[in-house]
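Work through the exercises below with the model in view. Try each task before reading its solution.

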Amino acid sequence: MSDLKGKTFKNPVNRDEVTFIEMASENNSGKTILDAVLFPGGGTPLHYHKTFDETFEVLQGELMVQAGKQKIKLTAGEKITAKKGVHHRFYSESDQPTTFRTTVTPGHEGFEKFLPILYGLARDGLVDKGSNPKNFRHTAIIMTMSDTRLIGPLSILGWIFGFVANTEKSKQVREALIEKYCQ
């Protein structure tokens with residue numbers, strides 16, 4: 001994989017964008033850091049990660065973050081950390097774009113690859129209007145590589161994603177996705 005540091009990736013479907021600031025493999029702090037621009041109405045569903053904490057710090061605008069049962073509106077200079085295993089999501093209730101920094105600790109190379117792949121699929125018209133991959137194998141691969149786990153009734157998909165993502169065919173597709181979109 002080429003160095004993603006300093007590169008910006010844009011999602012033409014929801015217009016979000018991310019810029020990589022620090023990569024897990026290149027710094028002594030062991031962190032992945034990226035800056036994101038989230039447009040009004042954007043965000044993620046409730047999920048969790050088993051292997052890393054995720055800190056959200058607002059640089060400009062306001063961001064809603066749910067961590068566990070706590071929902072908080074963050075404004076510039078404020079931050080919150082969702083520890084590994086804690087159900088969380090972020091979203092925008094604002095009518096203006098929000099710029100925020102995400103720090104993943106320890107850094108996670110799969111998380112770093114997930115966003116360029118997802119945004120690349122969006123550029124190629126391979127996602128639905130919600131920016132979800134149309135191809136189930138692609139979904140399984142990126143959810144598994146990013147250690148993103150759904151909750152509630154959808155949690156059963158985690159096992160299915162893991163199974164599908166670990167087939168020989170999926171391993172080949174994963175490498176092709178990394179080669180195509182992580183440049």
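At 6% relative accessibility, Ser131 counts as buried, because buried means under 20% relative accessible area. The model is a predicted one, and the exercises apply this kind of reading to other residues, then turn to the core and the pockets.

**Exercise 1.** Find where Ser131 sits and state what is notable about its phi.

Step 1: Ser131 lies in the loop between H1 and H2.
Step 2: Its phi is near 70 degrees, a positive value in a residue other than glycine.

**Exercise 2.** Describe Asp147 by place, phi and burial, and name a pocket that it lines.

Step 1: The loop between H2 and E11 holds Asp147.
Step 2: Asp147 is not a glycine, yet its phi is positive, at about 55 degrees.
Step 3: The relative accessibility of Asp147 is 5%; since buried means under 20%, Asp147 is buried.
Step 4: Asp147 is one of the residues that line the second largest pocket.

**Exercise 3.** Is Thr32 buried or exposed, and what does its side chain reach?

Step 1: Thr32 belongs to strand E3.
Step 2: Thr32 is buried, with a relative accessible area of 0%.
Step 3: The side chain of Thr32 reaches the backbone nitrogen of His108 at 3.0 Å.
Step 4: Leaving out residues up to four places away in sequence, the residues touched by Thr32 include Glu22, Ala24, Val104, His108 and Phe111.

**Exercise 4.** Which peptide bond is cis, from Thr105 to which residue?

Step 1: The bond runs from Thr105 to Pro106, with omega near -5 degrees.
Step 2: Pro106 is in the loop between E10 and H1.

**Exercise 5.** Build a picture of the surroundings of His47.

Step 1: His47 is in strand E4, residues 47–48.
Step 2: A relative accessible area of 6% makes His47 buried.
Step 3: Its side chain reaches the backbone oxygen of Pro45 at 2.8 Å and makes a polar contact with the side chain of His49 at 3.3 Å.
Step 4: Beyond four places in sequence, His47 touches, among others, Glu54, His87, His88 and Arg149.
Step 5: The C-alpha atoms of His47 and Phe161 are 14 Å apart, with their positions 114 residues apart along the chain.

**Exercise 6.** How many residues form the largest nonpolar core, and which element gives the most to it?

Step 1: The largest nonpolar core has 43 residues.
Step 2: Those with the most contacts inside this core are Val18, Phe20, Leu63, Leu115 and Ile117.
Step 3: Helix H1, residues 109–123, gives the most to the core, with 8 residues.
Step 4: Phe20 touches Leu115, and also Leu4, Phe9, Ile33 and Pro116 among others.

**Exercise 7.** Describe the two largest pockets in turn, by volume and lining.

Step 1: The largest pocket holds about 780 Å³ of space.
Step 2: Of its 36 lining residues, Gly43, Thr44, Pro45, Phe114 and Leu118 are the closest to the centre.
Step 3: H1 gives the most to this lining, with 5 residues.
Step 4: The lining of the largest pocket divides into 20 nonpolar, 13 polar and 3 charged residues.
Step 5: The second largest pocket has a volume of about 160 Å³.
Step 6: H3 supplies the largest share of the lining of the second largest pocket, 4 residues.
Step 7: By class, that second lining has 5 nonpolar, 5 polar and 2 charged residues.

Conventions. Residues are numbered from 1 along each chain as its sequence is written. This is a predicted model: local features need pLDDT of at least 70, side-chain atom pairs count only at pLDDT 80 or more; totals for chains, interfaces and linings use all residues. Side-chain values use heavy atoms; hydrogens and water are left out. Helices (H or I, at least four residues) and strands (E, at least two) are DSSP runs, numbered from the N terminus. Buried means under 20% relative accessible area, exposed over 50%, partly exposed in between (1.4 Å probe, protein chains only). Contact means heavy atoms within 4.5 Å. A polar contact is a pair of N or O atoms within 3.5 Å; within protein, one must be able to donate a hydrogen and the other to accept it, and residues adjacent in sequence count only if both atoms are side-chain atoms. A nonpolar core is a set of buried Ala, Val, Leu, Ile, Met, Phe, Trp, Tyr and Cys residues joined through side-chain atoms within 4.5 Å. On a 1 Å grid over the protein atoms alone, a cavity is a set of points where a 1.4 Å probe fits but cannot get out, and a pocket is an open set with protein on both sides within 12 Å along at least five of seven lines; lining residues have an atom within 4 Å of a point. Grid points are joined across faces, edges and corners, and a volume is the space filled by probe spheres set on the points. Ala, Val, Leu, Ile, Met, Phe, Trp, Tyr, Cys and Pro count as nonpolar, Asp, Glu, Lys and Arg as charged, and the others, Gly among them, as polar.
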